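Me: Please take me through one part of this molecule closely, and then place that part in the context of the whole chain. I would like a single connected account that I can follow with the model open in front of me.

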Amino acid sequence: MAAEPAPQVRDAASGAAPGFRRGTAPRLYTYRGHPDREPSDRSADVRAKLGEQKTLLAFRSSRLRALSAKFNQHVAQALCDGLKMTAIAKAAGMPLGAIRSAAVSLDDVQPSGGSADEHLRGITQLGNELKAADGDRAVLERNRARLLASARALGLLDDYELASASGLKHEEIRKLTRGLRGAGRP
């Protein structure tokens with residue numbers, strides 16, 4: 001024997017079940033936020049560019065760390081061999097404080113017996129490479145900020161999607177793009 005369904009209580013005035021209007025189907029929950037966006041070619045292009053820039057920035061940062069460690073080693077070696085900090089700072093084109101912090105970072109250096117000219121040439125070369133690498137990274141960061149600002153201004157991606165594509169936090173994206181205007185099409 002099959003169980004009979006329980007009779008529904010009907011509203012006496014309209015004849016419909018409680019909570020429903022006559023002639024309409026029951027409504028399920030409807031999301032009333034922003035409608036889902038279809039991924040456009042431009043948003044996919046922005047994602048690809050941000051991914052590429054994230055990779056390039058990682059490479060530049062890695063190179064900068066390696067150069068910085070090598071520079072610190074050369075500075076410490078030159079100080080151990082008797083060069084003055086002011087001569088090293090002048091050769092590197094850096095402030096004296098940066099040279100002091102580089103010298104303090106390494107303390108287990110033995111005298112190498114290298115000449116002062118050799119040390120200064122090496123330090124000058126590494127200082128120039130450090131400045132160039134830092135400049136390259138700064139250019140990439142500015143380009144990323146412009147791309148984020150234009151994508152955000154055009155509404156191609158929201159802050160969380162931009163954060164996912166760029167590897168930054170959404171708060172950082174807001175700070176980076178504050179005051180920047182998108183340069184039109186990303």
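**The end of α4 and what surrounds it**

Reply: Directly after helix α4 comes G155, a glycine whose phi is positive, near 75°. The coordinates belong to a predicted model, and among the elements of the chain α4, which covers residues 116-154, has the highest mean pLDDT, at 91, whereas helix α3, residues 96-105, has the lowest, at 83. The chain as a whole averages a pLDDT of 80, and 75% of its residues score at least 70. Where pLDDT is low, predicted coordinates should not be read in detail.

Helix α4 itself is made of 39 residues and spans 57 Å from its first C-alpha to its last, which is close to the 57 Å expected at 1.5 Å a residue. Within the chain, D134, R137 and E141 are joined in a network of salt bridges. Side chains of opposite charge can pair when their charged atoms come close. A further acidic residue, E129, forms a salt bridge with R63, with 3.3 Å between the closest N and O atoms. This pair connects distant parts of the chain, since E129 sits in α4 and R63 in α1, 66 residues apart. Neither partner is classed as buried, because the relative accessible area is 28% for E129 and 46% for R63, so that both count as partly exposed.

Beyond G155, the next helix to consider is α5, in which D159, L162, A163, A165 and S166 are buried. The cover over these buried residues includes α1, α4 and α6, so the helix that ends just before G155 is one of the elements that shield α5. Helix α5 is in turn followed by a glycine, G167, whose phi is also positive, near 85°.

One of the buried residues of α5, D159, also takes part in a salt bridge: R174 pairs with D159, and their closest N and O atoms are 2.8 Å apart. Here too the link is between distant parts of the chain, with R174 in helix α6 (residues 170-177) and D159 in helix α5 (residues 159-166), a separation of 15 residues. The two ends of this bridge are covered unequally, because D159 has a relative accessibility of 10% and therefore counts as buried, while R174, at 35%, counts as partly exposed.

The bridge between K49 and D45 offers a contrast, with its closest N and O atoms 3.6 Å apart. Both residues lie in helix α1 (residues 41-80), 4 residues apart, which is about one turn of the helix. K49, at 31% relative accessibility, counts as partly exposed, and so does D45, at 34%.

Taken as a whole, the structure holds 7 salt bridges, and the chain has 6 helices and 0 strands. Among contacts with a separation of 6 or more, 75% are between residues 24 or more positions apart. Of the 186 residues in the chain, 27% count as buried, and the accessible surface comes to about 13100 Å², 53% of which belongs to carbon and sulfur atoms.

Key. Residues are numbered from 1 along each chain as its sequence is written. Side-chain values use heavy atoms; hydrogens and water are left out. pLDDT is the predictor's confidence in each residue, from 0 to 100. Helices (H or I, at least four residues) and strands (E, at least two) are DSSP runs, numbered from the N terminus. A salt bridge is a side-chain nitrogen of Lys or Arg within 4 Å of a carboxyl oxygen of Asp or Glu. Buried means under 20% relative accessible area, exposed over 50%, partly exposed in between (1.4 Å probe, protein chains only). The expected span of a helix is 1.5 Å times one less than its number of residues. Contact means heavy atoms within 4.5 Å. Accessible areas come from the Shrake-Rupley method with a 1.4 Å probe; for residues, only the protein chains shown count as cover.
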